[in-house]
Amino acid sequence: MLLADCLPADWRNARLLGRVLTEVGPSPVLVRGGRLYDLSNHVATTAQAVARDDLDAAGMDMGPLDELTVASTWSSNAADVRLLSPLDLQCIKASGVTFAVSALERVIEERARGDADAANAVRQSILNRIGGDLKNLRPGSDQAEAVKAQLIAEGLWSQYLEVAIGPYAEIFTKAPVLASVGWGAEVGVRADSAWNNPEPEVVVVCDPSGRPVGASLGNDVNLRDIEGRSALLLGKAKDNNASASIGPFIRLFDDDFTMDDVRSATVRLEVEGTDGFMMTGESSMSLISRDPEELVRQTLSAHQYPDGFALYLGTMFAPIDDRDAPGKGFTHKMGDRVRVSSEKLGVLENIVATCDQAPPWKFGVLELMRNLAGRGLLGVSA
């Protein structure tokens with residue numbers, strides 16, 4: 001597959017920051033002017049790169065994008081490039097319940113106690129009663145507080161509605177540093193999960209000061225049965241081997257791509273199973289309840305991120321298509337091909353495996369430091 005095929009529609013004009021695996025280790029790369037450049041002799045990590053404003057004159061030319069091919073887990077063909085997650089030392093955060101639809105689905109999970117069989121009946125019983133009231137609410141507003149009081153009186157209040165329309169957003173740590181996977185990799189679900197789904201999202205990337213510098217695509221793999229049993233199981237449901245996918249590149253903000261493009265983005269999802277099952281859907285960022293910059297501010301809150309951070313912005317897509325039997329809803333099967341795409345961010349594609357069958361995460365911070373030191377790269381960026 002050509003590298004250009006997974007890139008934004010206007011890739012010839014885009015500035016895209018990423019990472020590739022070379023013979024000597026991971027290297028940050030930059031797409032500019034339709035060509036790929038290895039930045040490793042200029043910056044050792046993408047965490048360093050996002051804080052620099054001198055990338056456009058740096059790097060070793062690796063060739064034109066429309067001639068380079070990329071490697072994937074589902075193809076044994078020789079390729080020029082193996083893409084990694086574009087993140088390295090950045091902290092990986094996520095925001096949840098940022099769309100009214102996802103808020104309802106979290107309430108449904110909670111009421112159903114993680115039981116997919118019960119979810120359909122719960123959904124029908126509450127959707128018409130509160131769905132319309134949530135769509136146009138500004139979280140933390142007086143109107144939101146009035147709706148909250150009404151729902152409490154009706155016995156319908158939930159911790160998920162608190163973060164959906166209350167003053168504080170749900171912000172959590174999605175994965176450890178260096179644990180995310182990129183385009184072409186296997187993405188993991190726990191073997192003991194019977195109800196799970198992909199979550200197609202935009203991921204905003206911020207520099208050490210908390211300034212948003214670009215965006216990427218993400219799959220915030222979700223285990224609905226485990227989280228549905230208790231919100232205190234969020235870590236077990238969200239942070240697992242290969243469960244955070246990001247890529248293919250970070251599109252850096254410039255005159256051709258701004259935060260307004262993030263706000264207006266449509267994120268599409270395709271799932272293709274080896275059993276012939278097909279599912280499609282989309283999430284419109286224009287319907288998000290909290291502005292991306294507000295979510296960034298709440299992530300910073302009383303914290304600092306000296307290596308920067310990436311923030312999944314949440315999704316309105318919660319698949320309820322029946323896959324095996326009426327009322328059973330959707331859950332992954334091993335071998336599912338998942339494609340998350342958006343016109344100005346490209347295509348993030350992965351194959352679903354169980355977490356214990358996906359390649360284990362072994363390349364941590366110490367290993368990265370050893371690798372960079374062995375290559376003489378630790379001093380290349382001030």
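Buried means under 20% relative accessible area, exposed means over 50%, and partly exposed covers what lies in between. Keep those cut-offs at hand, because Glu272, at a relative accessible area of 33%, is partly exposed by them. We will meet Glu272 again on this tour of a predicted model.

**The whole chain**

Start with everything selected and a cartoon drawn. You should find ten helices and 18 strands. The radius of gyration is 21 Å, close to the 21 Å that the globule rule gives for 382 residues, so the protein is as compact as a globular protein of that length. Turn to the C-alpha trace, and its spans along the principal axes are about 65 × 45 × 35 Å.

Now colour by accessibility: 57% of the 382 residues count as buried. If you draw the accessible surface, its area is about 15700 Å², and carbon and sulfur atoms hold 49% of that. A contact map is worth a look too. Taking contacts between residues at least 6 apart in sequence, 73% join residues at least 24 apart.

**Charges**

Next, select the charged side chains. There are 37 positive and 53 negative charges, and their mean positions lie 3 Å apart. Side chains of opposite charge can pair when their charged atoms come close. How many salt bridges does the count come to? The total is 25.

For a first example, select Asp207 and Arg211. Their salt bridge has its closest N and O atoms 3.0 Å apart. Asp207 counts as buried, at 6% relative accessibility, while Arg211 counts as partly exposed, at 47%.

**Around Arg339**

Move on to Glu272 and Arg339, whose side chains form a salt bridge at 3.2 Å, N to O. Glu272 belongs to strand 14 (residues 266-272) and Arg339 to strand 17 (residues 337-342), so this pair ties together parts that are 67 residues apart in sequence. Is Arg339 buried or exposed? With 18% relative accessibility, Arg339 counts as buried, whereas its partner Glu272 is partly exposed.

Keep Arg339 selected and add Glu349. These two side chains also meet in a salt bridge, at 3.1 Å from N to O. Here the link runs from strand 17, which holds Arg339, to strand 18 (residues 346-354), which holds Glu349, with the two positions ten residues apart in sequence numbering. Both Arg339 and Glu349 are buried.

To see the wider picture, show Glu270, Glu272, Arg337, Arg339 and Glu349 together: salt bridges link them in a network.

**A loop stop: Gly33**

Jump to Gly33, in the loop between strand 2 (25-32) and strand 3 (35-38). Gly33 is exposed, with 64% relative accessible area. Try a distance label from its C-alpha atom to that of Arg12: the separation is 5.6 Å, although the two are 21 residues apart along the chain.

**A buried stop: Leu223**

Finish at Leu223, in strand 12 (residues 222-223). Its relative accessible area is 1%, so Leu223 is buried. What is Leu223 in contact with, leaving aside neighbours within four places in sequence? Select Val189, Arg190, Ser193, Trp195 and Asn196, then add Lys236, Ala237 and Asn240, and you have the set. One last distance label is worth adding, from Leu223 to Lys238: their C-alpha atoms are separated by 6.9 Å, and the residues are 15 apart along the chain.

Terms used
Residues are numbered from 1 along each chain as its sequence is written. This is a predicted model: local features need pLDDT of at least 70, side-chain atom pairs count only at pLDDT 80 or more; totals for chains, interfaces and linings use all residues. Side-chain values use heavy atoms; hydrogens and water are left out. Helices (H or I, at least four residues) and strands (E, at least two) are DSSP runs, numbered from the N terminus. The radius of gyration is taken over C-alpha atoms; the globule rule is 2.2 Å times the number of residues to the power 0.38. Buried means under 20% relative accessible area, exposed over 50%, partly exposed in between (1.4 Å probe, protein chains only). Contact means heavy atoms within 4.5 Å. Accessible areas come from the Shrake-Rupley method with a 1.4 Å probe; for residues, only the protein chains shown count as cover. Lys and Arg count as positive and Asp and Glu as negative; His and the chain ends are not counted. The place of a charge is taken as NZ of Lys, CZ of Arg, CG of Asp or CD of Glu. A salt bridge is a side-chain nitrogen of Lys or Arg within 4 Å of a carboxyl oxygen of Asp or Glu.
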